[in-house]
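Thanks for opening this one up with me. Below are some notes to help you find your way around, best read with the structure turning on your screen.

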Amino acid sequence: MTLSSAHVTEQCDVLVIGGGPAGATVATLLAQQGRDVVMLEKSQHPRFHIGESLLPANVPLFEKLGLRGEVERIGMPKWGVEFVSPQHDHSSFLEFGDAWDKSLPYAWQVRRSELDEILFRHAAAQGARTLENCHVREVDFDAEGATVRAQLGDGEQRRWRARFVIDASGRDTFLANKMRAKEKNPKHNSSALFGHFRNAQRLPGQLEGNITIFWFAHGWFWFIPLADGTTSIGAVCWPYYLKSRSKPLKEFFADTIALCPKLAERLKDATLVDDMVHATGNYSYSATHCTGERYLLLGDAFAFIDPVFSSGVFLAMQSAFEGAEVVATCLDRPAEAARARQRFEDMMRKGPREFSWFIFRVTNPTMREFFMYPQNMFRVKEALLSLLAGDLYRGTPIWRSLRILKALYYLVSLRNARRTFNAWMMRRRNIRDLGPLQGETIQS
């Protein structure tokens, strides 16, 4: 530890905690505003991260950053979604090109290690000061700003004085934990186990890059083809199921895949990459608020929802674009800050709320029928596809049709009252909290 690093306080306009999609995007935008930005990432890029499926609404965000070509280079084109149900003999295919706005026909599947590094390096190229292997330990606010203390991988201590702090720490939820503002989502409680496979059987032609959702008895699987030939496979299941594990994780994952015969068939010739299986649990949460006098919470640092609709990276980047404008208002036009912060609070709740209505019901028999037999009366299919594409903030007039779709859901549920009641009771049992899963990531 040197005298200068231990005792000198560096100055900056904005300090960003976390160098993932939310942090790197907001750091880029603020640096382009001409602000002195410091971004601290606890890991070293490239680093492993799950959440590999992007939404079409990500595409214009990458274009605004000037990175569409870079993402296209590493990505597998994703034109839609396949749904596979054990109660149906057919598969259902939904294409983003059939959404309300036909200008968002596809997105990509990406390795997050590659995408996140592209975004991080781009922020540095735009003028943000970036540090990796730098773990934030303390943030103390006062009337003028905040003092941030961090530790490098070699133990060196660093300190900054910032006018504004942005928490983009992801599921570390640094400020929400500090302020005791983090709350588990009482309506949803899931766990996941996942790994990457070689030689998985994919869909033919242009459909090769589509994500597939397989329902099974204890939840659902994702099947995400990547450009390097590997395929990401994950099971999102109720906590009781993961708690029932009595064998090594690799064997337990194999047994879980066997419970979904249609997925097992696609993996019959596949091999697990590096014998690596990960598990994580109890991950649906939100904070009580996402703004304060001198701070914002972006992306997963504010809320995390079930990944069935692949909304994570999009919500993170969208929050960064909106957040950069809020920071500018707070620093340059403080008289307008309160209104800007309230608009930001409303925006941050809108995405998780709209996705979650469907997420909470995705394993319900009525909703499953809607996905397996999609109809477009009153343009409800187009509106649903727009939601799945992430087209929530661009003014596309989908909301009347989504309200009709929800009304149809309730009518069909009422018509099948016994089935609806049984599904409701089962979900109540499934989401009960069994305590934390020990170990964020477990290698078999």
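1. How many of the 10 residues of H13 are buried? The answer is 9 of the 10, so H13 is largely enclosed by the rest of the structure. Please keep in mind throughout that this is a predicted model.

2. If you would like to pick those residues out, the buried ones in H13 are Val380, Glu382, Ala383, Leu384, Leu385, Ser386, Leu387, Leu388 and Ala389. Their cover includes strand E5 (91–95), helix H11 (337–359), H12 and H14. Right behind the helix comes Gly390, which has a positive phi near 85°.

3. Next, look at how H13 sits against H14. Two packed helices are described by the angle between their axes and the distance between the axes. Here the axes come within 8 Å and cross at roughly 105°. H13 and H14 are therefore roughly perpendicular to each other. On the H13 side, Val380, Ala383 and Leu384 make the contact, while H14 brings Ser401, Leu402, Ile404 and Leu405. Sorted by class, the residues of this contact are 6 nonpolar and 1 polar, with no charged ones.

4. H14 (residues 399–415) also packs against helix H12 (residues 365–372), at an angle of about 125° and with the axes 9 Å apart. That angle makes H12 oblique to H14. The crossing of this pair is right-handed. From H12 come Thr366, Met367 and Phe370, and they meet Leu405, Leu408, Tyr409, Val412 and Ser413 of H14. This contact of H12 with H14 counts 6 nonpolar and 2 polar residues and no charged ones. You may notice Leu405 of H14 in both places: it takes part in the contact with H13 and in the one with H12.

5. Between helix H13 (380–389) and H14 runs a loop, and Gly395 lies in it. Is Gly395 buried or exposed? Its relative accessibility is 65%, so Gly395 counts as exposed, the cut-off for exposed being over 50%. For a sense of distance, Gly395 and Leu408 are 13 residues apart along the chain, and their C-alpha atoms are separated by 24 Å.

6. Now please move to another part of the chain, helix H3 (residues 58–65). H3 is mostly covered, with 6 of its 8 residues buried. Those residues are Asn58, Val59, Pro60, Leu61, Phe62 and Leu65. What do the buried residues of H3 pack against? Their partners are helix H2 (21–32), helix H4 (68–74), strand E6 (107–109), helix H5 (112–125) and helix H10 (312–332). Just after H3, Gly66 takes a positive phi of about 80°.

7. Finally, step back to the whole chain, which has 15 helices and 21 strands. The radius of gyration is 22 Å, close to the 22 Å that the globule rule gives for 444 residues, so the chain is as compact as a globular protein of that length. Along the principal axes, the C-alpha atoms fill a box of roughly 70 × 50 × 40 Å. Of the 444 residues in the chain, 58% are buried. Among contacts between residues at least 6 apart in sequence, 75% join residues at least 24 apart.

Technical notes: Residues are numbered from 1 along each chain as its sequence is written. This is a predicted model: local features need pLDDT of at least 70, side-chain atom pairs count only at pLDDT 80 or more; totals for chains, interfaces and linings use all residues. Side-chain values use heavy atoms; hydrogens and water are left out. Axes are lines fitted to C-alpha atoms, for helices over the stretch in contact, and angles run from 0 to 180 degrees between N-to-C directions. Helices (H or I, at least four residues) and strands (E, at least two) are DSSP runs, numbered from the N terminus. Angles under 35 degrees count as roughly parallel, over 145 as roughly antiparallel, 65 to 115 as roughly perpendicular and the rest as oblique. A crossing is left-handed if the near helix is turned anticlockwise from the far one by less than a right angle, and right-handed if clockwise. Contact means heavy atoms within 4.5 Å. Ala, Val, Leu, Ile, Met, Phe, Trp, Tyr, Cys and Pro count as nonpolar, Asp, Glu, Lys and Arg as charged, and the others, Gly among them, as polar. The radius of gyration is taken over C-alpha atoms; the globule rule is 2.2 Å times the number of residues to the power 0.38. Buried means under 20% relative accessible area, exposed over 50%, partly exposed in between (1.4 Å probe, protein chains only).
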